[in-house]
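User: Please take a close look at the cysteines in this model. I would also like to hear about any unusual backbone angles.

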Amino acid sequence: MSIKVGDRLPEGTLTEFYEKEAPGCTAGPNSFKVADLAKGKRIVIFGLPGAFTPTCSAKHVPGYVASHDKLRAKRVDEVWCLSVNDAFVMGAWGRDQKAEGKVRMMADGSATFTKALGLDMDLTARGMGVRSQRYSMLVEDGVVKALNVEQPGKFEVSDAESMLNSLS
């Protein structure tokens, strides 16, 4: 069963790679409870099949990076990119996409959180294992307020522009 509008985000832990030590965070991978990260915040989360993949690298992440200021103007506190990759890969991809300070590159290496969302897909037959479906959601204080899940192979409703158009 997939998460839906009105549901609270499931419990889970995501990992983020820090280039340098920061208050409360060491250099390298740092784990965070989703509930703690989402508490009291308005967050856009977009999930995608994988780091360094064609549509994800050419369109999905760049759109959110470029729309950072517009999203902030619509009262979005943070933007998260969520993928079933490890924190090292997500950190390298974030550097490549120049996402620092704009999009938090959140790793769900074992797909545990993605499965809890009900937004996983099995690409084992294509040699990619379990991955995330492509989606975007608006979350306020841990509750899903909008959810846009793409049909397989599509990129039509989870992009930054569609999210911007849906925000009040």
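Analyst: This is a predicted model. The structure holds 0 disulfides. Take Cys56 to begin with. Cys56 is in no disulfide. The nearest cysteine sulfur belongs to Cys81, 7.6 Å away. A disulfide here needs two cysteine sulfur atoms within 2.5 Å, so a pair beyond that cut-off does not count. Cys56 is buried, and its relative accessible area is 1%.

Now the partner in that distance. Cys81 is in no disulfide either. For Cys81, the nearest cysteine sulfur is that of Cys56, at 7.6 Å. Cys81 is buried too, with a relative accessible area of 0%. Both cysteines fall under the 20% limit for buried, so solvent exposure is not assigned to Cys56 or to Cys81.

Next, the backbone angles. Most residues other than glycine have a negative phi. Phe52 has a positive one, near 65 degrees, and is not a glycine. Phe52 sits in the loop between strand 3 (42-48) and helix 2 (54-66). Its relative accessibility is 46%, so Phe52 counts as partly exposed.

Ala111 also shows a positive phi, about 65 degrees, without being a glycine. This residue lies in the loop between strand 5 (104-107) and helix 5 (112-117). Ala111 has a relative accessibility of 1%, so it counts as buried.

To put the two loops side by side: Phe52 is partly exposed, whereas Ala111 is buried.

Terms used: Residues are numbered from 1 along each chain as its sequence is written. This is a predicted model: local features need pLDDT of at least 70, side-chain atom pairs count only at pLDDT 80 or more; totals for chains, interfaces and linings use all residues. Side-chain values use heavy atoms; hydrogens and water are left out. Buried means under 20% relative accessible area, exposed over 50%, partly exposed in between (1.4 Å probe, protein chains only). Helices (H or I, at least four residues) and strands (E, at least two) are DSSP runs, numbered from the N terminus.
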